[in-house]
Amino acid sequence: MASVPHNTRQLRACLVCSLVKNTEQFRKEGCENCEPFLQFKRHPERVQECTSTNFDGLIALMKPDDSWVARYKKIENYACGIYAVGVQGRIPELVEDEMAQRNIPYIPRDGSQNLPQN
């Protein structure tokens, strides 16, 4: 289970999975969903690059398998925790390329993937 933010200062949302923690928690614990490839604990500068302070709303995810909200937001396979409804920003191209090389799809959490294509 992801730790719940114990301090509302410096809250950030992961740009890959939208998990919300404060800066220190991301640096010490990493991201329960993305740590294998983002490696916040080994590369603390990525916390600034791959998380955002600009996010909307919060979702408390307790039972991912039973949650229609989790399915709708595509977080049903993630750790229990607090998630942002939407996160503004994108991960750096270098990180996106690393994810693509590992066959990990990147779904922007700002809702842009749901926009109609022209």
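This tour moves through a predicted model in three stops: the sheet, the cysteines and the aromatic pairs.

**The sheet**

Begin by selecting residues 11-14, which make up strand S1. Add strand S2 (20-22) and strand S3 (51-52) to the selection. These three strands form an open sheet with antiparallel pairing, and their order across the sheet is S2-S1-S3. Strands S2 and S3 are the edge strands, each pairing on one side only.

Next, restrict the view to S1 and S2, which are joined in the antiparallel sense over three bridges. To find the register, display Ala 13 and Val 20: Ala 13 stands opposite Val 20 of S2.

**The cysteines**

Now select Cys 17, Cys 31 and Cys 34 and show their sulfur atoms. How many disulfides does the whole structure contain? A search finds zero.

Place a distance label between the sulfurs of Cys 17 and Cys 31. Cys 31 holds the cysteine sulfur closest to that of Cys 17, at 3.5 Å, which is too far for a bond. The cut-off for a disulfide is a sulfur pair within 2.5 Å.

Then move to Cys 34, which is likewise in no disulfide; its nearest cysteine sulfur belongs to Cys 17, 3.8 Å away.

Are Cys 17 and Cys 34 buried or exposed? Cys 17 is buried, with a relative accessible area of 0%. Cys 34, at 1% relative accessibility, also counts as buried.

**The aromatic pairs**

The final stop concerns aromatic rings, of which two pairs are present in the structure. Select Phe 26 and Phe 40 to display an edge-to-face pair, with 5.5 Å from centre to centre and 80° between the planes.

Extend the selection to the surrounding elements. Phe 26 belongs to helix H1 (residues 23-29), whereas Phe 40 sits in the loop between helix H2 (35-38) and helix H3 (45-50); the pair therefore ties together parts that are 14 residues apart in sequence. With the surface switched on, consider the accessibility of each ring's residue. Phe 26 is buried at 0% relative accessibility, and Phe 40 is buried at 0% as well.

Finish at Tyr 78 and Tyr 83, whose rings form a stacked pair: the centres are 6.3 Å apart and the angle between the planes is 20°. Which accessibility class does Tyr 78 fall into? Tyr 78 is partly exposed, with a relative accessible area of 22%. Its partner, Tyr 83, counts as buried at 0% relative accessibility.

Conventions. Residues are numbered from 1 along each chain as its sequence is written. This is a predicted model: local features need pLDDT of at least 70, side-chain atom pairs count only at pLDDT 80 or more; totals for chains, interfaces and linings use all residues. Side-chain values use heavy atoms; hydrogens and water are left out. Two strands pair if DSSP finds at least two bridges between them. Helices (H or I, at least four residues) and strands (E, at least two) are DSSP runs, numbered from the N terminus. Buried means under 20% relative accessible area, exposed over 50%, partly exposed in between (1.4 Å probe, protein chains only). Rings of Phe, Tyr and Trp (its six-membered ring) pair if their centres lie within 6.5 Å; planes under 30 degrees apart count as stacked, over 60 as edge-to-face and the rest as tilted.
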